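Please open the model in your viewer and keep the selection tool at hand. The stops below say what to select and what is there.

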Amino acid sequence: MRNIIILGTGRSGTSMVAATFRSSGAFMGDHLLPATPSNPHGYYEDRELNRLNNDLIRRLFGRPLLGWRIRGKFFRTVYTVPGAFFMAAPRVLRTIQLTANEIDRIRAFTRREPFCYKDPRFSVTLPLWMPHLPSNVGFVVVFRDPMRTTESMIRDAREQYEPPLPVTQTWGFTCWWRTYSRLIVLSKSSPHWMFINYDAMLDRSANADLSEFASATLDFSQIDDRTSRSQKHEWPTSSIGQRCSDLYEELCTRASTNKPSCLRAS
């Protein structure tokens, strides 16, 4: 089995893909997050991995005015509440030098081969991990249409935080567009990337390709389209809505042209 990192905006779709690796023998973490009403089967994310990526994101953002604690209490956004960093999507990523401690923490995860790690924060921190990853890592990008992703993010912001986080539809679309634009650029540096449409997981049409890509026997029994609570709606006609529409078409094209020669582990 090859090592796997699962990426994407939001948590429902990426959790569905991560769940297929639960019996594969891949290490997913020692302290997995528990299930919630939003993700009744669990997140398949490790607390310590989340904490590491949160620390890296703090470094990338820089120290905010008034400090993290005060900003997080009185100016609550996805950029000031560390628990909400999975919804972060900065316009530009700063270049930082990792400390020896941060490198050691990354290597503590990368030496647990074969591994399958999933954390939406990777969409921000992956460039910092790349120099320290084994050469056979495969990157699985899970996407769904931005309207349903945004609905899921708004629901999480309302249900999982007290007081609720002020996540808007405009921000959801902006986060979606910035995240997948960045992942498409990163994917051009290596052939070991696979793009999966959330709907292709629900109808199981991606099963064979995902198994081949991972070089593993995966368990798809947990997939249930009834767990998707979002409904399809018309996308907004704003400029960000149009950009997301164009990008969604590009992602669908990437997903439909995953080639077996690129799927096999090397």
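The tour of this predicted model goes from a pocket to salt bridges and ends at a helix.

Begin with the largest pocket, which has a volume of about 360 Å³, and select Arg11, Leu33, Asn50, Gly83 and Arg121, the residues that lie nearest its centre among the 17 that line it. By class, this lining consists of seven charged, five polar and five nonpolar residues, and its largest share, six residues, comes from helix α2 (residues 47-61).

Stay with Arg121 and add Glu45, whose side chain meets that of Arg121 in a salt bridge (3.9 Å, N to O). Because Arg121 sits in the loop between β2 and α5 while Glu45 sits in the loop between α1 and α2, the pair ties together parts that are 76 residues apart in sequence. Next select Asp119, which forms a salt bridge with Arg121 at 2.7 Å, N to O; Asp119 is buried at a relative accessible area of 0%, and Arg121 is buried at 3%. With Lys118 added to the selection, you have a network of salt bridges that links Glu45, Lys118, Asp119 and Arg121.

Move now to helix α2 and select Glu48 and Arg51, which lie three residues apart, about one helical turn, and whose side chains meet in a salt bridge (2.4 Å, N to O). Glu48 is partly exposed at 35% relative accessible area, and Arg51 is likewise partly exposed, at 40%.

Finally, select helix α5 (residues 122-129), where seven of the eight residues are buried, including Phe122, Leu126 and Trp129.

How values were computed:
Residues are numbered from 1 along each chain as its sequence is written. This is a predicted model: local features need pLDDT of at least 70, side-chain atom pairs count only at pLDDT 80 or more; totals for chains, interfaces and linings use all residues. Side-chain values use heavy atoms; hydrogens and water are left out. Buried means under 20% relative accessible area, exposed over 50%, partly exposed in between (1.4 Å probe, protein chains only). Helices (H or I, at least four residues) and strands (E, at least two) are DSSP runs, numbered from the N terminus. On a 1 Å grid over the protein atoms alone, a cavity is a set of points where a 1.4 Å probe fits but cannot get out, and a pocket is an open set with protein on both sides within 12 Å along at least five of seven lines; lining residues have an atom within 4 Å of a point. Grid points are joined across faces, edges and corners, and a volume is the space filled by probe spheres set on the points. Ala, Val, Leu, Ile, Met, Phe, Trp, Tyr, Cys and Pro count as nonpolar, Asp, Glu, Lys and Arg as charged, and the others, Gly among them, as polar. A salt bridge is a side-chain nitrogen of Lys or Arg within 4 Å of a carboxyl oxygen of Asp or Glu.
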